[in-house]
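User: I have a structure open and would like to learn how to read its strands, helices and loops. Can we go through some features one by one?

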Amino acid sequence: MRNNKRKRKTQNKRRQTARNEDFIMKPSVDWCFKELMRNPKTRKGFIAVLLQVKPEEIDETILLENELPKEAEEEKQGILDVHVCLADGMQIDIEMQVFYVEYWDERLIFYLSKMYAGQIKAGESYSILKKCIQVSVLNFERFPDDDFCYRTVHFWDEMAGKKYTDKLEIQILELPKLQKKASGPEDVMEWMRFFRGQNKEELKEVAKGNEYLEGAYEDLVKMSLDEKKRLQYEAREKAILDYRSNMEGARKRGFQRGMIQGGQVMLIQLYQKNRLTLEEAAEEANMTVEEFRKLVELAEHSME
């Protein structure tokens, strides 16, 4: 009997060891993405393909603390930013965005504008303003009507048919489109495939032959073996899964109970326009505050 128990214990330990050896963090989890970008070499390699220059042409990248406010609950769940300043003063804000959030385009433009305006203080010359780029790595499809997984957006002079200025730029990378017949620059798509990687074997294969991606892969392996970092990663992954589960549950409850109907739509709109408080809207809808909050989330995400 003792021998059987000892044998089972040994087998369980071996299985656990095998699972630990196979485990690797996924870069598409925003916490993991941000940790990877702490490595200057990884930042340099990724930024180089975004700027379409050789990595050696980038002298230095300085990781800045992101002081942009995190006001909305869904934003706390869905966005972690990497704010970088290059040696020439150019600023780049890179985000791995896990979920679609309402008014995504408006938020993107707001952050880009705030980054640009934040360079100058009262009394200083506009000549000091440097180029700012907002990079959004999306784990959802923002533009489902085309096959472009990577795009750049600029201010455009319609009459002249040319770029108005290069001071402000938006870059968007849609990871889910890699599952389709996506088109984009191969060097950018190589990084996208890495960020989209789901297991150790896939990540290692994608990284092969690219020294910057190989370095990122090595960091992933080290991070995955670090017990403290693994706990942080798993907590973040759980929060993401819980959020998705809650939203799916809210959708199902909404459809089952016919929750979003005429009068409730009006109450949601009044709440969103700050004409009613959450408590007042919930009372008018004959719901608890928590029920009405979930109804608002359901209404927002049904517009995706």
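Analyst: We will take one strand, then a helix pair, then two loop residues. Keep in mind that this is a predicted model.

User: How does one read the side chains of a strand, and which residues of S4 point which way?

Analyst: In a regular strand, side chains alternate between the two faces of the sheet. In S4, Cys132, Gln134, Ser136 and Leu138 point one way, while Ile133, Val135 and Val137 point the other way. Residues on both sides are buried.

User: How many residues of strand S4 are buried, and what follows from that?

Analyst: Buried here means under 20% relative accessible area. Seven of the seven residues of S4 (residues 132-138) meet that cut-off, so the strand is largely enclosed by the rest of the structure.

User: Which strands pair with S4, and in what sense, parallel or antiparallel?

Analyst: Strand S3 (residues 91-97) pairs with S4 in the parallel sense, over seven bridges. One bridge to look for has Ile92 with Ile133 of S4 as its partner. Between these two strands the chain passes through helix H5 (residues 104-117), and the resulting β-α-β crossover is right-handed. Strand S6 (residues 162-174) also runs parallel to S4, joined to it by seven bridges. There, Ile172 of S6 stands opposite Ser136.

User: Now the helices. At what angle do H6 and H8 pack?

Analyst: Read the angle together with the distance between the axes. Helix H6 (residues 186-195) packs against helix H8 (residues 211-225) at about 10 degrees, and their axes are 11 Å apart. Angles under 35 degrees count as roughly parallel, and H6 and H8 are therefore roughly parallel to each other.

User: Which residues make the contact between H6 and H8?

Analyst: From H6 come Glu190, Trp191 and Phe194; from H8 come Tyr212, Leu213, Ala216, Tyr217 and Leu220. By type, the contact residues of H6 with H8 comprise seven nonpolar, no polar and one charged.

User: Last, the loops. Where do Gln52 and Asn286 lie, and what is phi at each?

Analyst: For a loop residue, check its place in the chain and then its backbone angle. Gln52 sits in the loop between helix H3 (40-51) and strand S1 (61-64). Its phi is near 55 degrees, a positive value in a residue other than glycine. Asn286 belongs to the loop between helix H11 (278-284) and helix H12 (289-301). Asn286 is not a glycine either, yet has a positive phi of about 60 degrees.

User: Is Asn286 buried or exposed?

Analyst: Asn286 has a relative accessible area of 73%. The cut-off for exposed is over 50%, so Asn286 is exposed.

Terms used: Residues are numbered from 1 along each chain as its sequence is written. This is a predicted model: local features need pLDDT of at least 70, side-chain atom pairs count only at pLDDT 80 or more; totals for chains, interfaces and linings use all residues. Side-chain values use heavy atoms; hydrogens and water are left out. Buried means under 20% relative accessible area, exposed over 50%, partly exposed in between (1.4 Å probe, protein chains only). Helices (H or I, at least four residues) and strands (E, at least two) are DSSP runs, numbered from the N terminus. Two strands pair if DSSP finds at least two bridges between them. A crossover is right-handed if, with the strands pointing away from the viewer, the path from the first strand over the helix to the second runs clockwise. Axes are lines fitted to C-alpha atoms, for helices over the stretch in contact, and angles run from 0 to 180 degrees between N-to-C directions. Angles under 35 degrees count as roughly parallel, over 145 as roughly antiparallel, 65 to 115 as roughly perpendicular and the rest as oblique. Contact means heavy atoms within 4.5 Å. Ala, Val, Leu, Ile, Met, Phe, Trp, Tyr, Cys and Pro count as nonpolar, Asp, Glu, Lys and Arg as charged, and the others, Gly among them, as polar.
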